Amino acid sequence: MKVLAIGNSFSNNAMTYLSALSGSAGTPMKTINMCIGGCSLRTHYINMLESKEAYGVQFNGYGTGLVLDLKQGMLSDEWDVITLQQVSQLAPHYETYQPYLDELAAFVRQYFPKTKIMMHQTWAYEEGSPRLFNVAKYDTSAAMFADIQASYQKAADAIGADGIIPAGAAMLRAVENGIPNVHADSFHCNAQGLYTVALTWYGYLTGKPVADVPFNIPGAPLEENEIAIIKRSVAEVLGQI
């Protein structure tokens, strides 16, 4: 399977271990992340119009040093799935998605009419963090995520997306099920979060049971009880339990 993300640091988080994790489960996956940190759908749209060479390229979880424009990255291969997402602070607010999302989806379909377009549902900020209160303007992570979830559903409906990868739901469920924290700096992923989102992408894209995945993080493995909680959380979100 070949998967291209048009995103930012949150898609970088999602793809850090996705290729290695899927390979460990016997399902090879080529992943490319076209990344600008903090990039919104509006900025992606402007970059598309201007053919701006501004995207760092992450290949199978590793930086390449390449800097390309969107079209160059897209045309580097044929893709089974291309994902789109909104920047985290705007993700709860659907009015910020349009008209940029419609135009980006049309751009993808112009070159890849048979490729599946999916929305990457991003996640809420850490419970109790200043960023949650001061940047997102929410009292709880659950409240922020409720608006994120609703906005991604509207976005998927608007462009006729082939699916929504429920990474945000899995992150929240992992905390609810006993992982103390899935955030590194109140909004990006720590190791537990990286495992959670990679496993969610794998399970959603392949339809295969996440309980069977043998992967652990190389060099800094998670505890087995943590992996068990994450697998149960992702399986619940994906409807595998």
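How many bridges join strand β3 to β4, and do the two run parallel or antiparallel? In this predicted model, four bridges link β3 (residues 55–59) with β4, and the two strands run antiparallel. One pair to look for is Y55, which sits opposite L68 in β4. The two strands make a hairpin, with just two residues between them. One residue in that turn, N60, has a positive phi of about 50°. As a bit of background, most residues other than glycine have a negative phi.

Now for the sheet as a whole. It's an open sheet of seven strands, and reading across it gives the order β4-β3-β2-β1-β5-β6-β7. The pairing is mixed. In general, strands of a sheet pair through backbone hydrogen bonds, and they can do so either parallel or antiparallel. What stands at the edges of the sheet? Those places go to β4 (62–68) and β7 (163–165). Each has a single partner strand, so one side of each is left without a neighbour in the sheet. From one strand to the next, the twist averages 25°.

The hairpin strands run antiparallel, whereas β5 (residues 81–84) and β6 (residues 116–120) run parallel. Four bridges hold this second pairing together on paper, joining β5 to β6. To find one of these strands' matched positions, start at T83: its bridge partner in β6 is M118.

Next come the helices. Helix α5 (residues 100–111) turns up in two of the packing pairs described here. With α7, its axis comes within 10 Å, and the two axes cross at roughly 45°. At that angle, α5 and α7 are therefore oblique to each other. The crossing, in which α5 passes α7, is right-handed. Helix α3 (residues 41–50) also packs with α5, at an angle of about 45° and with the axes 9 Å apart. That makes α3 oblique to α5. The crossing of α3 and α5, though, is left-handed.

A further pair is α8 with helix α9 (residues 191–206), whose axes lie 9 Å apart and make an angle of about 135°. Why does an angle like that count as oblique? Roughly antiparallel is kept for angles over 145 degrees, and roughly perpendicular covers 65 to 115, so α8 and α9 fall among the rest, the oblique ones. As α8 passes α9, the crossing is right-handed.

Helix α8 shows up again at the largest pocket, which has a volume of about 190 Å³. The pocket is lined by 16 residues, and the closest to its centre are E127, S141, L172, V175 and H183. Two elements give two or more residues to the lining, namely α7 (141–159) and α8 (167–176). The largest share, four residues, comes from α8. By type, the lining divides into ten nonpolar residues, four polar and two charged.

Finally, two spots in the backbone are worth a look. The peptide bond from Q98 to P99 is cis, with omega near 5°. In general, most peptide bonds are trans. P99 belongs to the loop between β5 and α5. The other spot is K137, a residue other than glycine with a positive phi, near 70°. K137 lies in the loop between α6 (130–136) and α7.

Methods:
Residues numbered from 1 in each chain as written. Predicted model: local features only at pLDDT ≥ 70, side-chain atom pairs only at ≥ 80, totals over all residues. Heavy atoms only, no water. Pairing = 2+ DSSP bridges. Axes fitted to C-alpha atoms, helices over the stretch in contact; angles between N-to-C directions. 1 Å grid on protein atoms, 1.4 Å probe; cavity = no way out; pocket = protein on both sides within 12 Å on 5 of 7 lines; lining within 4 Å. Points joined across faces, edges and corners; volume = space filled by probe spheres on them. Nonpolar A, V, L, I, M, F, W, Y, C, P; charged D, E, K, R; others polar. Parallel < 35°, antiparallel > 145°, perpendicular 65-115°, else oblique. Left-handed = near helix turned anticlockwise from the far one by under 90°.
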